[in-house]
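Please work through the exercises below with the sequence and the structure at hand. Each task is followed by a solution in steps.

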Amino acid sequence: MSHTSLINEVRNKISGLSKELMEVTSRLVQFPTVVPPGYIDECVAYAQSYFQQRGITTTIHQHVERKPNLCATIPGKKPGKVLWLGHLDVVPEGDHAAWKHPPFSGKIAGNRVYGRGATDMKGSCAAAMIAATVLHEIAQGEHPTLEVWLTADEEIGGQDGAKWLAESGKFQGDVCLVGDASGGSRDRPTMELGCKGGMATVIKAQGVTAHGSQPYLGSNAIEKLLAVIPHVKKIGEFPLDVPTELEPVIQASIDFLLEDPSLTPKQRDGTRRLYHYPTVSLNIIQGGVKRNVVPDKAEATFDIRITPGCSITRVRDRMLELLKESGVEGITADINTGRGGFYESPSHPAVVQFRKTIQLVLGKEPLMKLSTGGTDGISVHHIARIPCVTYGPIVPGVAHTPNEYVTVENLLNAAQVFAAFPLVYTKE
Ligand SMILES: [Zn+2]
């Protein structure tokens with residue numbers, strides 16, 4: 001069978017599976033795989049039996065109890081190996097009263113599946129399970145080997161999931177399709193070339209304790225911290241050295257976000273600066289022990305995000321200068337420069353072939369963007385050194401919120417693209 005007719009056959013087969021896509025998503029959602037603690041063993045057992053019942057080989061790679069990572073393999077006769085990566089852990093569901101349907105009901109209503117994890121990213125995992133099954137049934141190995149990885153701990157950095165798998169050499173392949181993203185719509189598909197990364201920063205103030213009745217005898221760490229914070233925030237005005245090849249991708253990402261009509265002028269301004277300057281968010285503040293004790297310790301934790309390809313050490317050096325310029329004494333900083341983001345060049349063969357896949361399946365060229373939030377692609381790209389493309393059925397704006405849902409249209413698009421990519425991908 002020719003290449004294109006195989007892709008058509010796979011696509012047609014999947015277009016008849018919308019009910020199964022919704023049902024498998026619903027089943028996955030019904031396992032409350034909330035992290036912490038992030039136990040996914042029962043959910044993995046379900047996915048494993050799903051694959052096994054369809055004659056697909058699976059292996060388990062487990063670092064800690066109750067956090068098995070599952071790999072399902074569709075052997076191919078063509079050279080190379082394509083990985084698909086997703087996670088089964090979900091963030092806490094929050095107040096149940098805020099949910100229209102119980103968060104772990106996996107309620108199917110109309111063309112939507114509701115529940116914690118429906119969009120981020122059990123819907124995507126269900127789409128990959130069905131894509132792999134259809135490929136297994138139809139393609140008879142006329143593709144490179146496909147491995148579908150369903151993993152733990154993404155929402156906490158992948159420590160016993162993708163990060164551990166990458167560090168321990170379990171990921172071996174030529175390209176990785178990360179399913180943790182929005183793929184836009186059929187009319188206007190989108191893909192991501194990578195994601196921003198963090199420069200987690202903890203600013204610590206050291207003072208001298210004293211009795212609260214004679215504060216002049218001490219040196220108040222909270223006041224020092226408050227004095228230094230405006231200087232730390234100035235890092236948000238430091239222009240980043242964005243790689244030239246990313247400028248069109250960044251512009252497309254900004255334009256895409258600016259289409260949201262609900263943005264206020266201030267939010268629009270923040271969106272325009274999003275990739276050319278670091279974002280700075282003061283997210284934890286700690287200090288003080290008692291009303292009548294002058295505090296000798298206080299600390300502030302900042303989430304600082306940087307566009308991939310930009311020098312993190314440049315940003316760190318500027319931060320150290322800002323701290324010095326502040327003139328506040330007793331300040332130290334823990335700056336983590338190790339978790340940068342990543343991107344693949346728009347001209348990378350993996351990107352070119354993935355664009356072609358979307359074009360063949362959905363009939364439209366995808367818009368190329370960069371994600372603002374991190375994904376497990378960071379571990380795959382930096383540690384396993386496998387190029388990553390990112391695409392999935394996530395509904396924008398609903399991840400991590402009450403009444404999270406995914407639509408059957410998004411599931412169908414994703415399953416078709418996931419199944420077609422191994423058919424298109426050719427190892428160079
Ligand atoms: Zn996710």
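The exercises concern a predicted model, and they treat helices, single residues and backbone geometry in turn.

**Exercise 1. Determine whether the length of helix α1 agrees with its number of residues.**

Step 1. Helix α1 comprises residues 3-15, that is, 13 residues.

Step 2. The expected span is 1.5 Å times one less than the number of residues. For α1 this gives 18 Å.

Step 3. The end C-alpha atoms of α1 are 19 Å apart, which agrees with the expected span.

**Exercise 2. Describe how the buried and the exposed residues are arranged around α1.**

Step 1. Ile7, Val10 and Ile14 of α1 are buried. These residues lie on the same side of α1, because the arc they cover around the axis is only 65°.

Step 2. A general rule helps here: an α-helix has 3.6 residues a turn, so residues three or four places apart point the same way.

Step 3. The other side of α1 holds the exposed residues Thr4, Ser5, Asn12 and Ser15.

Step 4. The cover over the buried residues of α1 includes the helices α4 (118-138), α10 (349-362) and α12 (408-424).

**Exercise 3. Classify the packing of α1 against α4 and against α12 by angle.**

Step 1. The angle between α1 and α4 is about 130°, and their axes are 10 Å apart. Helix α1 is therefore oblique to α4.

Step 2. The crossing of α1 with α4 is right-handed. In this pair, Glu9, Val10, Lys13 and Ile14 of α1 meet Ile130, Val134, Leu135 and Ile138 of α4.

Step 3. For α1 and α12 the angle is about 155°, with the axes 9 Å apart. Angles over 145 degrees count as roughly antiparallel, so α1 is roughly antiparallel to α12.

Step 4. α1 and α12 also form a right-handed crossing. The residues of α1 that take part are His3, Leu6, Ile7, Val10, Arg11, Ile14 and Ser15, and they meet Leu412, Ala415, Gln416, Ala419, Ala420 and Leu423 of α12.

**Exercise 4. Carry out the same analysis of length and faces for helix α3.**

Step 1. Helix α3 (residues 41-53) has 13 residues, and the distance from its first C-alpha to its last is 18 Å, close to the expected 18 Å.

Step 2. Cys43, Val44, Ala47, Tyr50 and Phe51 are the buried residues of α3. Their arc around the axis is only 120°, so they are on the same side of α3.

Step 3. Glu42, Ser49, Gln52 and Gln53 are exposed on the face of α3 turned away from the buried side.

Step 4. The elements against which the buried residues of α3 pack are α2 (18-29), β1 (57-62), β2 (68-74), α4 and β6 (144-151).

Step 5. After α3 comes Gly55, which has a positive phi near 75°.

**Exercise 5. Decide whether Leu88 and Asp334 are buried or exposed, and place each in its surroundings.**

Step 1. Leu88 belongs to the loop between β3 (78-87) and β4 (108-109). Leu88 is buried, because 30 other C-beta atoms lie within 10 Å.

Step 2. Beyond its neighbours within four places in sequence, Leu88 has contacts that include Cys43 and Val44, two of the buried residues of α3. Leu88 and Val29 are 59 residues apart in sequence, yet their C-alpha atoms are 9.1 Å apart in space.

Step 3. Asp334 is part of strand β15 (residues 331-335). Asp334 counts as exposed because it has 11 C-beta neighbours inside 10 Å.

Step 4. Asp334 and Val202 are separated by 132 residues in sequence, while the C-alpha to C-alpha distance is 5.1 Å.

**Exercise 6. Identify unusual backbone geometry at Pro36, Met121, Gln140 and His400.**

Step 1. Most residues other than glycine have a negative phi, and most peptide bonds are trans.

Step 2. The peptide bond between Val35 and Pro36 is cis, with omega about -10°. Pro36 is located in the loop between α2 and α3.

Step 3. Asp120 and Met121 are also joined by a cis peptide bond, with omega about -10°. Met121 is in helix α4.

Step 4. Gln140 is not a glycine but has a positive phi of about 50°. This residue is in the loop between α4 and β6. Gln140 is exposed, because 12 other C-beta atoms lie within 10 Å.

Step 5. His400, likewise not a glycine, has a positive phi of about 65°. The loop between β18 (388-390) and β19 (405-407) contains His400. With 17 other C-beta atoms within 10 Å, His400 is partly exposed.

Terms used
Residues are numbered from 1 along each chain as its sequence is written. This is a predicted model: local features need pLDDT of at least 70, side-chain atom pairs count only at pLDDT 80 or more; totals for chains, interfaces and linings use all residues. Helices (H or I, at least four residues) and strands (E, at least two) are DSSP runs, numbered from the N terminus. A residue is buried if 20 or more other C-beta atoms lie within 10 Å of its own, exposed if 12 or fewer, and partly exposed in between; C-beta atoms are placed from the backbone. The arc is that of the directions from the helix axis to the C-beta atoms. Two residues are in contact if their C-beta atoms, placed from the backbone, lie within 7 Å. Axes are lines fitted to C-alpha atoms, for helices over the stretch in contact, and angles run from 0 to 180 degrees between N-to-C directions. Angles under 35 degrees count as roughly parallel, over 145 as roughly antiparallel, 65 to 115 as roughly perpendicular and the rest as oblique. A crossing is left-handed if the near helix is turned anticlockwise from the far one by less than a right angle, and right-handed if clockwise.
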